[in-house]
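Please look through the sequence and the model below before reading on. The report that follows moves from strands and their pairing to single residues and then to a pocket.

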Amino acid sequence: RCADGWGGLGHCTSQCACSGHGTCHPMDGACACMADSDHGYWEGEACDRCQAGFLFPGCWARNVAFSQVASVPLLTADARVIVLDAEAGLLYTGGRPLLVLRSADWSPVAELDLNGTVRSGGPTAAAVVLCVQDADTGDMRVV
């Protein structure tokens with residue numbers, strides 16, 4: 001048996017190329033991608049992309065509805081995406097300010113200053129998670 005991270009024709013001479021999101025088969029080096037709520041839901045030959053319906057970077061948040069804003073009316077100058085929490089009936093977009101709207105009629109619920117712009121996100125069982133690009137540094141952070 002090969003050590004973790006190694007595989008290949010029983011000689012264990014090939015480094016595993018599963019991007020840290022899967023395990024290598026000891027004989028052929030093929031990746032078996034992780035697919036659970038602790039490690040994320042990954043796919044691809046190198047386990048380097050999210051399974052359909054899950055959001056990068058962690059591949060654990062469900063992508064219930066995620067839309068490029070080009071297909072909907074302009075909401076704010078910073079609006080690039082819309083994240084839908086269908087269970088709560090809310091939409092999240094923007095970031096400067098973050099607009100929280102009722103999905104049924106797009107009426108405003110709240111405006112919050114995140115000092116950045118929402119780039120992706122999605123609802124989890126406990127909360128809506130938003131990936132925000134910081135306006136000052138350009139770094140991505142999760143809120």
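## Strands and their partners

In this predicted model, strand 13 (residues 98-102) and strand 14 (residues 108-112) run antiparallel and are joined by four bridges. One of the pairs involves L101, whose bridge partner in strand 14 is P108. The two strands, 13 and 14, form a hairpin with five residues between them, and in the turn W106 has a positive phi of about 65 degrees. As background, the strands of a sheet pair through backbone hydrogen bonds, and the pairing may be either parallel or antiparallel.

Antiparallel pairing is also found in an open sheet of three strands, which has the order 5-6-7. Strand 5 (35-36) and strand 7 (49-50) stand at the edges of this sheet, and each has a single partner strand, so one side of each is left without a neighbour in the sheet. Strand 5 is joined to strand 6 (residues 40-43) by two bridges, and these two strands run antiparallel. Within this pairing, A35 has Y41 in strand 6 as its bridge partner.

## The chain as a whole

How many helices and strands does the secondary structure of the chain hold? There are zero helices and 17 strands. The chain has 143 residues, of which 34% count as buried, and its accessible surface comes to about 8,300 Å², with 53% of that belonging to carbon and sulfur atoms. If one takes the contacts in the chain with a separation of 6 or more, residues 24 or more positions apart account for 19% of them.

## Three residues in their strands

The table sets out where three residues of the chain are found.

| Residue | Strand |
|---|---|
| M140 | strand 17 (residues 140-142) |
| R62 | strand 9 (residues 61-62) |
| D85 | strand 11 (residues 81-85) |

Is D85 buried or exposed? D85 counts as buried because its relative accessibility is 12%, and the cut-off for that class is under 20%. Leaving aside neighbours within four places in sequence, D85 is in contact with L90, Y92, P123 and V128.

R62, by contrast, has a relative accessibility of 44% and therefore counts as partly exposed, since that class lies between the 20% limit for buried and the 50% limit for exposed. When residues up to four places away in sequence are not counted, R62 touches G53, F54, L55, G122 and P123. R62 and T124 are 62 residues apart in sequence, yet their C-alpha atoms are 6.6 Å apart in space.

M140 also counts as partly exposed, because its relative accessibility is 43%. Apart from neighbours within four places in sequence, the residues in contact with M140 are R119, C131, V132 and Q133. Between M140 and G116 there is a separation of 24 residues in sequence, and their C-alpha atoms are 9.0 Å apart in space.

## The second largest pocket

Which residues lie nearest the centre of the second largest pocket? Of the ten residues that line this pocket, D85, E87, P123, T124 and A125 are the ones nearest its centre. Some of these names have already appeared: P123 is in contact with D85 and is also touched by R62. The pocket holds about 160 Å³ of space, and its lining is made up of seven nonpolar residues, one polar residue and two charged residues.

Terms used
Residues are numbered from 1 along each chain as its sequence is written. This is a predicted model: local features need pLDDT of at least 70, side-chain atom pairs count only at pLDDT 80 or more; totals for chains, interfaces and linings use all residues. Side-chain values use heavy atoms; hydrogens and water are left out. Buried means under 20% relative accessible area, exposed over 50%, partly exposed in between (1.4 Å probe, protein chains only). Contact means heavy atoms within 4.5 Å. Accessible areas come from the Shrake-Rupley method with a 1.4 Å probe; for residues, only the protein chains shown count as cover. On a 1 Å grid over the protein atoms alone, a cavity is a set of points where a 1.4 Å probe fits but cannot get out, and a pocket is an open set with protein on both sides within 12 Å along at least five of seven lines; lining residues have an atom within 4 Å of a point. Grid points are joined across faces, edges and corners, and a volume is the space filled by probe spheres set on the points. Ala, Val, Leu, Ile, Met, Phe, Trp, Tyr, Cys and Pro count as nonpolar, Asp, Glu, Lys and Arg as charged, and the others, Gly among them, as polar. Two strands pair if DSSP finds at least two bridges between them.
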